[in-house]
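Hi everyone, thanks for making the time. I'd like to walk you through one structure today, so please have a look at it while I talk.

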Amino acid sequence: MTEATLTQQEKKQKYNFNKLQKRLRRNVGNAIADFNMIEDGDKVMVCLSGGKDSYTLLDILLNLRLNAPIHFDIVAVNLDQKQPGFPEHILPDYLSKLGIEYKIVEENTYGIVKEKIPEGKTTCSLCSRLRRGILYRTATELGATKIALGHHRDDMLETLFLNMFYGGKLKAMPPKLLSDDGKQIVIRPLAYCKEKDIEKYSIAKEFPIIPCNLCGSQPNLQRQVVKEMLQTWDRQYPGRIETMFSAIQNVTPSHLCDPKLFNFKHLQQGELLSDIEGDIAFDKEDLPAIPLLAHDNDEAEFTDGEMISFKEVN
Ligand code: SF4
C-alpha cells in the first residue's frame, strides 16, 4: 500500500508506530551506551521466553545491530521447560523466518519442580534457579559473552519496592550484572523502556506470544500488589514513575544509613565531601515543583542509518 492510498486513520497509526519504535530504539541504545552493555566482538545470547518483552528485545537488538558502530553477534535461545501445552513449534518457526542463529534447549525443569515442591506452594524460586543454571551453561557452550534478558524499567521499579516492602533492602534489578562465579555478564537492554511501550510494540508487530501461565503456578501476589500500586501512582501523579527511576540513578550513600556504603564511623573534621554528599544538615531540601523526567525525551528525531554511536540511537 502506498502512502497516498492510506486513510487518515492508517497514516496516524503509522506515524504513532514509527514514533514508538524510535523511542524504544533510542531507549535501548542509551541503556547500552550508559552501561557499556555490548562491546565490539561480543556474542549476545538473547533469552527468548515467547513473551512480549523478550520478542521486543530481540527485535530491537537485531535492528540496532544493522547500524551499530561496532560488530556483535546475536544468538537467540529458548528454554523449553516441558510445561504441559507448550507450543514447541512457535519459536523455531519464528526464528527460522528471521534467519538468525538460535538454539532451543530442552530440559524438563517443570517435572523437577513438580516433584520437589509440594502442591499449592509457589514454584517460581526453584524454577528460576534451575533456569538460570541452564542458561549460564548454554551461554558457555555457545561461546556467548553477554546474556541479554528482557526485563524493563517497570520490572526494575517493582523489584525495588518488593525488596523494600518485603525484604528490608534498598535494592532493584541491575542493568548489568556479573554472575557469582564471575563467568557470565547479564545485561538488560530494555532497562529504560516502559512496559506500556513494549506492550504496544508487541501488539503492533503481532509477535506470536506464548502464554506465560502454562506451568500452572500461582501469580506472584506481592509483585501484583506492587505493580498495581505503581500503576495507580502513575495515573494519579503522571511523571512519578520516571522520577522514581531517576532516583535509582542518583544515589547519595552519605544520606542513607548503610555503614557498608559510607564510612560514617571514621568521618573526620576537615574532610572534604563531594558535591552530592554535601552538607544540608540545616537546609530545607530544594525540590522541583515539576517531577524530573528521565529518558523520555520524545522530541529527538532519528532517521534509520544515521547512527553514529549507541548513545545516539533513537
Ligand atoms: S511462573 Fe512458572 S515458569 Fe515462570 S518462574 Fe514461576 S514456575 Fe517457572
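Before anything else, a word on how I name elements: helices and strands are DSSP runs, at least four residues for a helix (H or I) and at least two for a strand (E), numbered from the N terminus. With that in hand, we can place Asn36, which sits in the loop between helix 1 (8–34) and strand 1. Please keep in mind that this is a predicted model.

Let me stay with Asn36 for a moment. Its phi is near 45 degrees, which is a positive value in a residue other than glycine. Is Asn36 buried or exposed? It counts as exposed, because it has 10 C-beta neighbours inside 10 Å, and the cut-off for exposed is 12 or fewer.

There is another such residue, Lys82, with phi near 65 degrees, again positive and again not a glycine. You'll find Lys82 in the loop between strand 2 and helix 3 (90–98). Lys82 is partly exposed, because 16 other C-beta atoms lie within 10 Å.

Now the overall picture. The protein chain has nine helices and six strands. Of its 314 residues, 26% count as buried. If we take contacts between residues at least 6 apart in sequence, 78% of them join residues at least 24 apart.

Next, the strands. Strand 1 covers residues 43–47, and four of its five residues are buried, so strand 1 is largely enclosed by the rest of the structure. Which strands does it pair with? With strand 2 (residues 73–80), it pairs in the parallel sense over five bridges, and there Cys47 stands opposite Val77. With strand 4 (residues 146–148), strand 1 also runs parallel, joined by three bridges; in that pairing, Val44 has Lys146 as its bridge partner. And if you follow the chain from strand 1 through helix 2 (residues 52–67) to strand 2, you trace a right-handed β-α-β unit.

On to helix 6, residues 153–167. This helix has 15 residues and reaches 20 Å from its first C-alpha to its last, close to the 21 Å expected at 1.5 Å a residue. Its buried residues are Arg153, Asp154, Asp155, Met156, Leu157, Glu158, Leu160 and Leu162, so you can see charged side chains named alongside leucines there. What covers those buried residues? The cover includes helix 7 (195–205), helix 8 (221–236) and helix 9 (240–247). Just after helix 6, Gly168 takes a positive phi of about 60 degrees.

One residue that helps to tie this region together on screen is Ile241, in helix 9. Why does Ile241 count as buried? Because it has 23 C-beta neighbours inside 10 Å, and 20 or more is enough. Leaving out residues up to four places away in sequence, Ile241 touches Leu157, Leu230 and Asp234. The C-alpha atoms of Ile241 and Leu230 are separated by 7.3 Å, with their positions 11 residues apart along the chain.

Last stop, the ligand. Which residues are around it? They are Thr123, Cys124, Cys127, Ser128, Cys215 and Ser217. Sorted by class, that shell has three nonpolar, three polar and no charged residues.

That's my tour. Thanks for listening, and I'm happy to go back to any part of it.

Technical notes:
Residues are numbered from 1 along each chain as its sequence is written. This is a predicted model: local features need pLDDT of at least 70, side-chain atom pairs count only at pLDDT 80 or more; totals for chains, interfaces and linings use all residues. A residue is near a molecule or strand if its C-beta atom, placed from the backbone, lies within 6 Å of it. The expected span of a helix is 1.5 Å times one less than its number of residues. Two residues are in contact if their C-beta atoms, placed from the backbone, lie within 7 Å. Two strands pair if DSSP finds at least two bridges between them. A crossover is right-handed if, with the strands pointing away from the viewer, the path from the first strand over the helix to the second runs clockwise.
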